[in-house]
Amino acid sequence: MGALYSVAEIRQAERAAAAQLPPGTLMQRAGRAAARIALGIIGAEPVAHQALVLAGPGNNGGDALEVAASLAQSGVGVTLVQLGRADAAGALNHIPAGRQWALVVDGLFGIGLARPVEGAARAMIDTVNALACPVLALDVPSGLDADSGAVIGPDGVAVRATHTITFIGDKPGLHTLAGRDHAGHVIVDRIGIDEALLPGASVHMNEPAMFGLAFAPRLHDSHKGTFGDVAVVGGAHGMAGAPILAARAALLSGAGRVFVASVDHGPAFDSGQPELMFRDAASFNFAGSTIVAGPGMGDSATAIRLLGKALDGDNPLVLDADAINLIAASPDLQARLAARTAHTILTPHPLEAARLLGVTAGVVQGDRLEAAREIAARFDACVVLKGSGTVIAMADGEALINPTGNPGLASAGTGDVLAGLCGSLLAQGWPARDAALAAVWMHGEAADRLVAEGCGPIGLTASELPAAIRRVLNRMVAERPKPAGQPQS
Ligand SMILES: NC(=O)C1=CN([C@@H]2O[C@H](COP(=O)(O)OP(=O)(O)OC[C@H]3O[C@@H](n4cnc5c(N)ncnc54)[C@H](OP(=O)(O)O)[C@@H]3O)[C@@H](O)[C@H]2O)[C@@H](O)CC1
Ligand SMILES: Nc1ncnc2c1ncn2[C@@H]1O[C@H](COP(=O)(O)OP(=O)(O)O)[C@@H](O)[C@H]1O
Ligand SMILES: [K+]
């Protein structure tokens, strides 16, 4: 379920399938499947049924020709614009101006795109991106790297589709980095290829089925000690809000008791959430607490000492923000992190991940899956590489891409909320993998619900997330899947 395949894996399955079929079969199937989707989209369009089909020089263009033929057979008026290999400037290659299209079908380039798009193809993509009509991309929006979700080239362009029909198997690049903006709604069509021809996927979409069994209803016979203690370590001078956001998220997602352990002289209490308990981190007894280290922690000697203590202990641990930066700057702290045996989750954004790996953020973003896996393996921890299409990676190489969330989350403090939520689930006894997957999914889902209610994406604030996460979490518990063998109510 929700498997994602690399281009190399797709190519391998395609070769094995094609060897058993008459030539052209897969392309015909791809074209017909895409034409069905195209007709579905056109059907909802009030304007005259005029479709623009763009066909590139390779097999993606071959798919487009099949779509054009199918649509024409169905009575749709089709304008076909072909892009030859050599005659990039030919008269055939212009998109007629001033026309209203019910749909554009993008069959310029698929998984064979090998270099940045230039010349006539680039001009076509710019033209398509300026149109207001729906755009159906065949296999991959032209210009997008199906493995990484990057637009190919330093100053590259890629089609912004409203829909993408992708063949044989789903692809990670459609769901992370620039992928979500370019692919739109993704439809997977196996084009009749036996699933057995595909390898066991090591990358999946992060869906409730991946972690849903961890949700448990609360027993009546329980008390605050049952649901764990969370201690958020952070709050250097001027940054007192960051640990409060993490702590509020931990409390509203069910931790029994939540402390803010300030590295500096922190506030005495949070008037907005008086249940939180404030302590001086230097004298706080962390025994038995799940530690969330990093929000607004700074880089003082106290912060470094407290972080070292947290790394050496056997408390479940979430490392965020400044904690990650301090570790990145210290081989000693790195060794202590790698030596840990208790549950550990790291939640870097791309720049923090880059510091950990000693590379640039551009390198991290160029291959988010690989970067997250590398950090997970190096430190034997669960890694949450944040951003659109957050990647969650485990030390054994398993990786997932998260589909929830929206640009409303792109404001200061939302990462603190995520760290607090991860810590809360760990404190309630969840293993690191399940805690990270569920936290990332619910954090995004809460933001999506807030947007649906009109509270974003513009102006969504981190403070609004904890209550929305609480609603998502309680619904997930109520609707949790039952273990196999038990009746699903
Ligand atoms: N494999 C499958 O599973 C199935 C594949 N199917 C379909 O085939 C697609 C893959 O087809 P593909 O391998 O022919 O590659 P494709 O994406 O058409 O692009 C390569 C062409 O573009 C050219 N070209 C590249 N970059 C360029 C640039 N920047 N600017 C200009 N030109 C550039 C390149 O030229 P060359 O580099 O050789 O000079 C070559 O001509 C796949 O996505 C799916 O839609 C389905 O039919 C059924 C099953
Ligand atoms: N465009 C986006 N789409 C989806 N999620 C996003 C987007 N931008 C940011 N986020 C999420 O918001 C959070 C931001 O965290 P972070 O960068 O650490 O911010 P901060 O440190 O200010 O809290 C992460 O969970 C990230 O995945
Ligand atoms: K395409």
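These legends go with close-up views of a predicted model.

**View 1. The shell around ligand 1.** Here we're looking at the 30 residues around ligand 1, with E14, G58, N59, G110 and G112 coming nearest. Three helices each give two or more residues to this shell: α1 (7–18), α2 (25–43) and α3 (59–73). The top contributor is α3, which puts in five residues. Sorted by class, the shell around ligand 1 comes out as 16 nonpolar, eight polar and six charged residues.

**View 2. How α2 sits against α3.** Zoom in on two of the helices that help surround ligand 1. The axes of α2 and α3 come within 8 Å and cross at roughly 55°, so the two helices are oblique to each other. The crossing of α2 past α3 is right-handed. On the α2 side, the residues in the contact are M27, Q28, A30, G31, R32, A34, A35 and A38, and they meet N59, G62, D63, E66, V67, S70 and L71 of α3. That contact is made up of seven nonpolar, five polar and three charged residues. Keep an eye on N59: this residue is part of the contact with α2, and N59 is also among the residues that come nearest to ligand 1.

**View 3. The shell around ligand 2.** Now for the 18 residues around ligand 2, where K386, G405, L409, A410 and G415 come nearest. Helix α14 (residues 414–427) gives the most to this shell, with four residues. By class, the shell around ligand 2 holds six nonpolar, ten polar and two charged residues.

**View 4. The annotated binding site.** An unreviewed UniProt entry carries the annotation "binding site" for K386, G387, S388, G389, T390 and G415. These residues span 30 residues in sequence, but no two of their C-alpha atoms are more than 14.3 Å apart, so they gather at one spot. K386 sits in the loop between β15 (382–385) and β16 (391–393). Two of the annotated residues, K386 and G415, also turn up among those that come nearest to ligand 2.

**View 5. Helices α7 and α16 side by side.** Helix α7 (residues 241–252) packs with helix α16 (residues 465–478) at an angle of about 20°, their axes 9 Å apart. That angle makes α7 and α16 roughly parallel to each other, and their crossing is right-handed. In the contact, R248, A249 and L252 of α7 meet L465, P466, A467, I469 and R470 of α16. The class split for this contact is six nonpolar, no polar and two charged residues.

Notes. Residues numbered from 1 in each chain as written. Chains lettered and ligands numbered in written order. Predicted model: local features only at pLDDT ≥ 70, side-chain atom pairs only at ≥ 80, totals over all residues. Near = placed C-beta within 6 Å. Nonpolar A, V, L, I, M, F, W, Y, C, P; charged D, E, K, R; others polar. Axes fitted to C-alpha atoms, helices over the stretch in contact; angles between N-to-C directions. Parallel < 35°, antiparallel > 145°, perpendicular 65-115°, else oblique. Left-handed = near helix turned anticlockwise from the far one by under 90°. Contact = placed C-beta atoms within 7 Å. UniProt positions renumbered as here; feature names shortened; annotations may be inferred.
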